[in-house]
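Reader: Could you walk me through this structure, please? I'd like to hear about the inside first and the charged pairs afterwards.

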Amino acid sequence: MAHSESTVTQQYYSHRVQGHLHFVAKRYIPENANPQGITALFFHCAGSHKEVWEPTIQYLISQKDDEAGEPLLREAWSFDMPSHGEASVLNTVELESLEKGLPVDEYADGLKAFLASGVLRGHRLVGIGHSLGTSAVVLSTIADELPGVIYEAIILAEPALITREVYDANLAEREGALKAMNKAISKRRDTWNDRNEAGEYMKQRFPWMLWDARIRDLFIRHGLKEKHVKDSNTGEVSTKITLACSKDHERSAYSQDEVYFTVVERIRTLDPSVAVHYILGERDDLIPEYIPQSVIAVRPPASVSKVPDAGHFVVQENPEGIGKAIAQILADRLVSLRPRL
């Protein structure tokens with residue numbers, strides 16, 4: 001279905017960089033937008049970018065509420081974490097000044113500052129996060145110097161979350177998994193001569209080889225960026241392609257346990273009127289099932305669904321599959337709130 005797209009960039013003050021960062025959002029408006037429909041806010045996983053959600057958003061734009069025949073969406077917005085995607089390019093100087101990578105709190109802070117402008121005042125908001133992005137959604141509900149975001153519902157896809165109790169009970173295993181993850185990130189190739197070379201490389205290697213081809217192409221376009229490399233012998237400068245989210249920043253995203261315990265506690269204490277839904281990949285691969293189950297048990301979930309032909313990278317592996325799961329949640333939401341005669 002036809003829709004329009006636009007990118008919006010806003011600067012906000014970050015105490016972590018002692019200056020301003022760019023927060024970058026992409027807006028999708030269906031041609032026949034439903035004024036009473038949902039405005040869905042999307043948050044990506046670590047190492048990704050806002051456009052990773054586009055095939056899923058395109059699917060959702062085509063979906064209608066069966067009962068009323070109206071489109072499910074009013075609008076959709078997807079956001080870069082400030083150290084990822086297009087935002088990482090705009091924030092290059094600030095990111096290079098940091099001793100360690102930005103925490104996921106920064107993702108939530110950027111969103112709160114963005115919404116404080118009133119850009120979505122009056123919209124019915126549903127927050128949708130994947131992995132790292134689930135923490136950003138939940139943290140954005142916490143008020144500080146900026147008001148927390150008020151969602152009608154929250155959808156957590158493959159949340160990278162665990163309760164403190166279950167973490168402590170499996171401490172050796174979890175510390176070993178984190179060490180293995182950091183080692184894998186450190187060893188990962190991160191520079192290529194051009195985007196074509198990067199694309200050919202990724203087609204043959206995990207995790208990219210498992211991704212939907214559209215998602216992999218989007219990563220080549222938006223998850224990589226140019227960098228200038230000086231030859232130590234000749235002094236000549238050439239242009240290479242590298243990861244938009246540096247390996248240091250990706251490692252940092254996985255290494256901040258305490259904030260994730262804060263997220264779990266926030267889920268526990270979140271206003272009961274906010275429905276919390278979970279979407280999991282059907283295949284257990286990177287994250288053992290006991291991890292998300294520990295979080296699901298924190299409060300009664302509004303729903304738990306599984307997407308076939310997908311593991312932890314559910315957005316990348318089956319974008320329509322997760323789209324169907326989201327569409328069902330949104331459709332049920334619209335029906336449940338519709339006035340009855």
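Author: What follows is a short talk about cavities, a surface patch and salt bridges in this model, which is predicted.

Reader: How many cavities of 30 Å³ or more does the structure hold?

Author: There are two cavities of that size. The largest cavity has a volume of about 90 Å³, and the second largest has a volume of about 40 Å³.

Reader: Which residues lie nearest the centre of the largest cavity?

Author: Glu158, Gly281, Asp284, Ile287 and Pro292 lie nearest its centre, out of 13 residues that line the largest cavity. By character, the lining of the largest cavity divides into four nonpolar, three polar and six charged residues.

Reader: And which residues line the second largest cavity?

Author: That lining is made up of Cys45, Ala46, His130, Ser131, Leu132, Tyr254, His312 and Phe313. Five of the residues lining the second largest cavity are nonpolar and three are polar, with no charged residue in the lining.

Reader: Switching to the outside, which residues form the nonpolar patch on the surface?

Author: The patch is formed by Phe206, Met209, Leu210 and Leu286, which together have about 370 Å² of accessible area. One of them, Met209, sits in the loop between α8 (195–203) and α9 (213–222).

Reader: Why does Met209 count as partly exposed?

Author: Met209 has 43% relative accessibility, so it counts as partly exposed, because that class lies between 20% and 50%.

Reader: Now the salt bridges: what does the count come to?

Author: The count comes to 24 salt bridges. In one of these, Lys26 pairs with Glu51, and the closest N and O atoms are 4.0 Å apart. This pair links distant parts of the chain, 25 residues apart, with Lys26 in strand β2 (residues 19–30) and Glu51 in the loop between β3 (38–43) and α1 (54–61).

Reader: Are Lys26 and Glu51 buried or exposed?

Author: Both Lys26 and Glu51 are buried. They also belong to a network of salt bridges that links Glu5, Lys26, Lys50, Glu51, Glu54, Asp80 and Glu86.

Reader: What about Glu152, which residue does it form a salt bridge with?

Author: Glu152 forms a salt bridge with Arg124, where the closest N and O atoms are 2.8 Å apart. Glu152 has 18% relative accessibility and therefore counts as buried.

Reader: And how far apart, N to O, are Arg214 and Asp212?

Author: Their side chains meet in a salt bridge at 2.9 Å, N to O. Arg214 is partly exposed, with a relative accessible area of 35%, whereas Asp212, at 19%, is buried.

Conventions:
Residues are numbered from 1 along each chain as its sequence is written. This is a predicted model: local features need pLDDT of at least 70, side-chain atom pairs count only at pLDDT 80 or more; totals for chains, interfaces and linings use all residues. Side-chain values use heavy atoms; hydrogens and water are left out. On a 1 Å grid over the protein atoms alone, a cavity is a set of points where a 1.4 Å probe fits but cannot get out, and a pocket is an open set with protein on both sides within 12 Å along at least five of seven lines; lining residues have an atom within 4 Å of a point. Grid points are joined across faces, edges and corners, and a volume is the space filled by probe spheres set on the points. Ala, Val, Leu, Ile, Met, Phe, Trp, Tyr, Cys and Pro count as nonpolar, Asp, Glu, Lys and Arg as charged, and the others, Gly among them, as polar. Patches are made of residues with over 30% relative accessible area and no salt bridge: like charges are joined within 9 Å, nonpolar side chains (Val, Leu, Ile, Met, Phe, Trp, Tyr) within 5 Å. Accessible areas come from the Shrake-Rupley method with a 1.4 Å probe; for residues, only the protein chains shown count as cover. Helices (H or I, at least four residues) and strands (E, at least two) are DSSP runs, numbered from the N terminus. Buried means under 20% relative accessible area, exposed over 50%, partly exposed in between (1.4 Å probe, protein chains only).
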